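Here is a short tutorial in dialogue form. A learner asks how to read a fold, and a teacher answers.

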Amino acid sequence: MNGPLIVQADRTVLLESTHPEAAEAAIAIAPFAQLAKTPELIHTYTITPLGLWNARASGHDPESVIDALLEYAKHPVPHELLLDIVETMERFGVLTLEQSPIHGLVLHSQDADLLSELIAHPEIVSLVGARIDEHTVRVHPSERGELKHRLLRLDHPVSDHAGYVDGEKHEIALSATTGDTGTEATGASSAEGTGASGAESTGVVGNTQPWHLREYQQRAVDAFTHGESGVVVLPCGAGKTIVGAATMAAVGTTTLILVTNSVAAKQWKAELLRRTTLTAEEIGEYSGSVKEIRPITIATYQVLTTRRKGSYLHLELLDARDWGLVIYDEVHLLPAPVFRLTAGLQARRRLGLTATLVREDGREEEVFSLIGPKQFEAPWKEIEAAGFIAEAHCYEVRVRLDAGTRRAYAHADGEDRYRLAAASDAKIPVVKKIAAQHAGQQVLVIGQYLDQLEELGEALDAPVLTGRTPVKERTELFAKFRAGEISVLVVSKVANFSVDLPEASVAIQVSGSFGSRQEEAQRLGRILRPKPHAEAATFYTVVAASTVDEHFGAHRRRFLTEQGYSYTILNADQLGR
């Protein structure tokens, strides 16, 4: 045994990052282990019950998890840990929700004593009805979601086999070719790219492009349609929207699609028009400015959670049609109120789409219990190796604060302390140098603080796009960037999600949401669309050395390190060497 992993009895796994097999080992344990710390030489992973249950739900059995640990272990793996993994994973499936033709919704347990214990628990007793037999108890249909959520908190996950309402039938088919969507998306291109970036193209005929689902996209659709509701995890640029469209075609029912913002709504509509037989008249947008309810309705999270005097204003949308499918785009961003609303949608099929299940608010358990467990995941590096997303080189560039800023930083606290470091003027010449090194490429400069972005825009002679930018101007700037009329674009966090800029090949991150791992993943995703001639993408994160900015940078790297990406650490004076 001489692998890169040191597996410990407390469910922590240490990975020697310099070991020749480190990248392979990181990918092998990613389905069930979460990266916790990323010093440069030793990375620390944790194996949690939720990680093991998600792995079990997506097709990994205890034997495959144990084999991965044994194959890459440096020392013998503690026997008690192996037994713990088996016991934890086998807990998934002991409790199942089923639909009885006689008794309606029931909770079935393979362990009669466990069922007796659970239904007497104060958290559970009000959610269940009469005991049918030693293994089965009635469940109030309205409590289906809440029961799963509370049982998960008691470390007893529920596999939901109770089925779903069919919903209102609505025929949808995938198109054999893609074509121009006209002006329906007000200039926005497809949500996942065209041809080479979102689906498998087979040549060009006139103004249309023949295409078909990629193998992993078909597997994702099959995993969802043959299982229970849940989440499909794919890298940015790998075609999550196409998986959504193909799922809609497979289910053939009215669909409610929930997205992050109105730009994403327009991009979803454009992609559905390009990839399916749906017409513009069949697709409605329900957002701040438009309230259309049609067989396929695309709504924003914001409008769904709008409240006035304590009441949600648009709850009628959830019952406006007999929806057979609800799709949650960027499910890791699902606002907390939507979880509560989703608890009442358990009789409808629910598909979550995301590039990462990481949530900085720690609500992964609610995604598992209320949307559903992970049904399918394709590792980023696997998709990269197949040529469907670009290879990426990642760099952390460290700059030194000047004496005045360092003194102010030493006396500051909390968010002020972070902002002084993250928005330091010392980053401006470094960003200019990086942009100059990539002259002729499409460069995104991404940050958190508007005054910092304005200064960078002036220094780079580049337009600045923020949340204050009107949608029309936003769309025009994105279109000019795609066309190559603008080579450098400075953007705020509005570009983190659901913005398709396939031409971007370089991203320079100057500040972010403290230590947000999912934000780092999404920002890298902006440049992962495949490039002409298989060119690599380049991602820079510029941090202030020896400050909380550097500390948060290390935290942000964790998810991408899990996916097999490595960062080269450079001091600013090493750029270009």
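The dialogue below goes from the whole chain to its sheets, a helix pair and two single residues.

Q: What kind of model is this?
A: This is a predicted model.

Q: How many helices and strands are there in the protein?
A: The protein has 21 helices and 28 strands.

Q: What share of the residues counts as buried?
A: The cut-off for buried is under 20% relative accessible area. Of the 577 residues, 57% count as buried. The exposed surface comes to about 22,700 Å². Carbon and sulfur atoms supply 50% of that area.

Q: Which contacts tie distant parts of the sequence together?
A: Take the contacts with a separation of 6 or more. Residues 24 or more positions apart account for 73% of them.

Q: How do I read a sheet?
A: Strands of a sheet pair through backbone hydrogen bonds, either parallel or antiparallel. Start with the four strands that form an open sheet in the order 1-2-4-3. The pairing there is antiparallel.

Q: Which strands stand at the edges of that sheet?
A: Strand 1 (5-7) and strand 3 (33-37) do. Each has a single partner strand, so one side of each is left without a neighbour in the sheet. From one strand to the next, the twist averages 30°.

Q: What joins strand 2 to strand 4?
A: Five bridges do. Strand 2 covers residues 12-16, strand 4 covers residues 42-47, and the two run antiparallel. For one residue pair, look at T12: its bridge partner in strand 4 is T46.

Q: Where does helix 1 lie?
A: Helix 1 (residues 22-29) lies across strand 1, strand 2, strand 3 and strand 4. It runs at about 155° to strand 2.

Q: Where is the place of R11, and is R11 buried or exposed?
A: R11 sits in the loop between strand 1 and strand 2. R11 counts as buried, because its relative accessibility is 16%. Leave aside the neighbours within four places in sequence. R11 is then in contact with Y45, T46, I47, T48, P49, L81, D84 and T88.

Q: Now the sheet with seven strands. What is its order?
A: The order is 15-16-14-19-20-13-21. This sheet is open too, and its pairing is parallel. Strand 15 (283-286) and strand 21 (374-377) stand at the edges. Each has a single partner strand, so one side of each is left without a neighbour in the sheet. The twist averages 20° from one strand to the next.

Q: How many bridges join strand 13 to strand 21?
A: Three bridges join them, and the two strands run parallel. Strand 13 covers residues 230-233. V233 stands opposite E377 in strand 21.

Q: Which helix packs on this sheet?
A: Helix 8 (residues 240-251) does. It touches strand 13, strand 14 (255-259), strand 16 (296-300), strand 19 (325-329) and strand 20 (349-354). Its direction makes about 165° with that of strand 20.

Q: Is V259 buried or exposed?
A: V259 lies in strand 14. V259 is buried, with a relative accessible area of 0%. The C-alpha atoms of V259 and T300 are separated by 4.8 Å, though the two are 41 residues apart along the chain. Beyond its neighbours within four places in sequence, V259 is in contact with A264, A265, W268, I298, A299, T300, Y301 and D329.

Q: Which strands does strand 5 pair with?
A: Strand 5 (residues 95-100) is joined to strand 6 (residues 104-109) by six bridges, and these two run antiparallel. A hairpin joins them through three residues. Q99 has L105 as its bridge partner in strand 6. Strand 5 also pairs with strand 9 (residues 158-160), in the parallel sense, over three bridges. There T96 stands opposite S159.

Q: How do I read two packed helices?
A: Two packed helices are described by the angle between their axes and the distance between the axes. Helix 15 (residues 414-422) and helix 20 (residues 548-556) pack at about 85°, with their axes 8 Å apart. Angles of 65 to 115 degrees count as roughly perpendicular. Helix 15 and helix 20 are therefore roughly perpendicular to each other.

Q: Which residues make the contact?
A: Helix 15 gives R417, Y418, A421 and A422. Helix 20 gives V548, D549, F552 and R556. The residues of this contact divide into five nonpolar, no polar and three charged.

Key. Residues numbered from 1 in each chain as written. Predicted model: local features only at pLDDT ≥ 70, side-chain atom pairs only at ≥ 80, totals over all residues. Heavy atoms only, no water. Pairing = 2+ DSSP bridges. Axes fitted to C-alpha atoms, helices over the stretch in contact; angles between N-to-C directions. Parallel < 35°, antiparallel > 145°, perpendicular 65-115°, else oblique. Contact = heavy atoms within 4.5 Å. Nonpolar A, V, L, I, M, F, W, Y, C, P; charged D, E, K, R; others polar. Buried < 20%, exposed > 50% of the residue type's maximum accessible area, 1.4 Å probe, protein only. Areas by Shrake-Rupley, 256 points an atom, 1.4 Å probe, with all protein chains shown as cover.
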